[in-house]
Structures are given as C-alpha cells and as structure tokens.
Amino acid sequence: MRSPASLDARCYHAALFLCPPAFRREFAQEILLVFDEARQEARIAAPQYGLWPFRARMAADLAGTIVRQWFRTGWPIMAPLAILYPLAASSALATLWRRIPLHMLRGTADSDVLMLELVAAVVLLIVAATIILTLWFTRPLLYRHRR
Amino acid sequence: MAPLTPAVMHVLLSLAGGERHGYAILKDVLQQTNHQVRLGPGTLYGTLQRLMESGLVEETDGPGSEADERRRFYRLSRAGREALKAEVDRLDALVRHARGRGIVPRASRP
C-alpha cells in the first residue's frame with residue numbers, strides 16, 4: 001500500500017484498519033487515493049474554514065462505512081466495537097494525558113507515579129486489543145459449530 | 001425490483017456516461033446534483049462493492065495511461081443499464097403522477 005503523506009491521510013489510513021479485512025484489502029488503496037485528492041481539493045476550495053468541515057465529513061462517512069461493512073460480514077457485534085474501541089482508547093489517553101503533571105517529566109520525585117500510569121494505560125490497551133482479536137479469530141470456530 | 005437507493009442511483013447515472021474511476025464518479029455526482037450530494041470515499045466504495053456483487057457494475061482495465069496506473073475503473077454492465085433504465089422509468093411515472101396532482105417541479109414549469 002502506498003504510504004500516505006499528510007497527517008490527515010495517516011489518521012484516515014489507520015482508521016481504515018477498523019473496517020473488515022476483506023473490504024480493506026479490496027478498496028483501501030483506492031479509498032486513500034480518493035481521500036488524498038478530495039483533501040487537496042478541500043484545501044484549495046475553502047481555505048477560510050480550513051480542513052475541519054472536510055475532516056468531519058470524512059470521519060462521519062468512515063464511521064458509517066465501518067458500521068455498514070461489519071453488518072454485511074454477518075458479524076454485527078464488531079460494528080459497535082470498531083467504533084467504541086478507538087473512542088474509548090483515545091478518551092482514556094486524553095484523560096490520562098490531562099492528569100499527567102508535566103513538571104514531573106523534569107523532576108524525578110514522582111516519576112514512579114507517572115510510570116505506573118503509563119504502564120496501566122498500556123496494559124489496558126493490550127487487554128482491550130486481546131479481547132477484540134480473540135473475538136475476531138474465534139469467528140471461524142463459531143461458524144464450524146453452527147454448521 | 002426494489003427502488004434504488006440515492007447513492008446507487010447517482011453512481012449508476014455517473015457510470016452511464018462511460019467508464020470512470022472512483023474520484024471521477026465523486027466529482028460527477030457532485031456536478032449532477034449541483035453540489036447537493038457529496039459522497040464520501042467509504043460510501044462510494046461500499047456502493048461499488050455491492051453493485052459489483054450484484055452484477056450491475058464491472059471493473060475494466062481503463063484507458064491504461066501511465067498517470068492512472070493506481071486507479072481502478074468501473075463501467076455499467078448490461079444488467080446495470082437495464083436496472084438504471086427501470087428506475088428512471090419508475091421515477092418518470094412518479095413525476096407524471098405528481099403532475100397529475102398539480103405538484104409540478106419548478107424546473108418543468110413553462
């Protein structure tokens with residue numbers, strides 16, 4: 001896959017991984033190409049508002065696509081998970097980031113607390129990722145039992 | 001046949017003008033609708049996926065120019081053209097019916 005240039009395209013590229021693998025393999029490269037072109041055009045067309053309306057439109061479109069595509073796979077539980085997981089992870093990181101006293105980065109007095117918070121965040125992310133990956137990889141087994 | 005969704009209708013109408021790649025379809029839909037309908041890339045490719053699965057649209061090799069190497073081109077299949085024609089006939093009948101009730105679209109007024 002072509003490496004995207006802008007930060008917007010990188011974020012969009014990362015978010016595409018929330019789509020079902022079959023859809024991603026089939027169309028991700030072209031979707032990114034179209035995204036890049038639409039972004040260029042939006043930047044030229046409405047410089048006074050910046051790219052925020054474009055970003056909002058793309059985010060809404062992608063969220064809808066993720067939900068619809070997971071429903072099409074016959075595994076609809078993944079739709080809310082695919083939307084909620086990044087929202088929960090980014091909210092948790094944002095909350096954690098607000099609570100980190102930045103002055104501690106310079107001193108060493110409470111660095112253990114900072115380290116503990118970072119380790120806790122990483123552990124939580126690993127647990128969440130494990131749950132999602134387990135759900136995904138047990139899918140063929142569920143199919144086998146259904147037959 | 002069930003009525004086509006607006007996204008499907010716009011994509012089929014765009015491809016009725018000849019084979020196009022994804023971004024050209026988006027631009028064409030924007031133009032068709034006077035900038036009223038702005039399909040996102042996810043919606044567009046989800047629609048194209050469904051249309052290809054149902055045999056209404058097929059992928060082509062495209063013009064083969066060097067600049068368009070990364071692009072994929074799509075065109076209407078015979079079934080797609082028939083489905084589009086059936087939908088346009090249905091909408092035409094609907095407009096005639098609306099005219100009969102005195103609801104005339106502004107663009108059709110003399």
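This is a short walk through a predicted model with two chains, A and B.

Hi everyone, and thanks for coming. Please keep in mind throughout that we are looking at a prediction.

Let me start with the sheet in chain B. Three strands form an open sheet in the order E1-E3-E2, and the pairing is antiparallel. E1 and E2 of chain B sit at the edges with a single partner strand each, so one side of each has no neighbour in the sheet. Strands of a sheet pair through backbone hydrogen bonds, in either a parallel or an antiparallel way.

Now to the pairs themselves. Strand E1 of chain B, residues 20-21, is joined to E3(B) by two bridges. In that pair, B:Arg20 stands opposite B:Tyr74 of E3(B). On the other side, strand E2 of chain B, residues 57-60, is joined to E3(B) by four bridges. There you can find B:Val57 opposite B:Leu76, and B:Glu59 opposite B:Tyr74.

What packs on this sheet? Helix H1 of chain B, residues 6-15, does, touching E1, E2 and E3 of chain B, and its direction makes about 95° with that of E3(B). H3(B) packs on the sheet as well, touching E2 and E3 of chain B, with its direction at about 100° to that of E2(B).

Stay with E3 for a moment. In a regular strand, side chains alternate between the two faces of the sheet. In strand E3 of chain B, residues 73-76, B:Tyr74 and B:Leu76 make up the covered face, while B:Phe73 and B:Arg75 make up the uncovered one.

Next, let's see where the chains meet. Chain A brings 17 residues to the contact and chain B brings 14. On the chain B side, the elements giving two or more residues are helix H2 (22-32) and helix H3 (41-53). Which of the elements gives the largest share of that side? That is H3(B), with six residues. Sorted by class, the chain B side has four nonpolar, six polar and four charged residues.

H3(B) has a helix partner across the contact. Two packed helices are described by the angle between their axes and the distance between the axes. Here, helix H3 of chain A, residues 52-72, packs with H3(B) at an angle of about 30°, and their axes are 7 Å apart. That angle makes H3(A) roughly parallel to H3(B), because angles under 35 degrees count that way. From H3(A), the residues making this contact are A:Asp61, A:Leu62, A:Gly64, A:Thr65, A:Arg68 and A:Gln69; from H3(B), they are B:Pro41, B:Gly42, B:Thr43 and B:Gly46. By class, these residues divide into two nonpolar, six polar and two charged.

Let me turn to the inside. The largest nonpolar core has 41 residues, and those with the most contacts inside it include A:Ile31, A:Ile66, B:Val11 and B:Val57. Helix H2 of chain A, residues 21-45, gives the most to this core, with eight residues. As for A:Ile66, leaving out residues up to four places away in sequence, the residues it touches are A:Leu18, A:Cys19, A:Ala79, A:Ala82 and A:Ile83.

One last stop: A:Pro21, which lies in helix H2 of chain A. Is A:Pro21 buried or exposed? A:Pro21 is exposed, because just 11 other C-beta atoms lie within 10 Å, and 12 or fewer counts as exposed. The C-alpha atoms of A:Pro21 and A:Gln69 are separated by 9.9 Å, although these residues are 48 residues apart along the chain.

That's my tour, so thank you for listening!

Notes: Residues numbered from 1 in each chain as written. Chains lettered and ligands numbered in written order. Predicted model: local features only at pLDDT ≥ 70, side-chain atom pairs only at ≥ 80, totals over all residues. Core = buried A, V, L, I, M, F, W, Y, C linked by C-beta atoms within 7 Å. Buried ≥ 20, exposed ≤ 12 C-beta atoms within 10 Å, placed from the backbone. Contact = placed C-beta atoms within 7 Å. Nonpolar A, V, L, I, M, F, W, Y, C, P; charged D, E, K, R; others polar. Pairing = 2+ DSSP bridges. Axes fitted to C-alpha atoms, helices over the stretch in contact; angles between N-to-C directions. Parallel < 35°, antiparallel > 145°, perpendicular 65-115°, else oblique.
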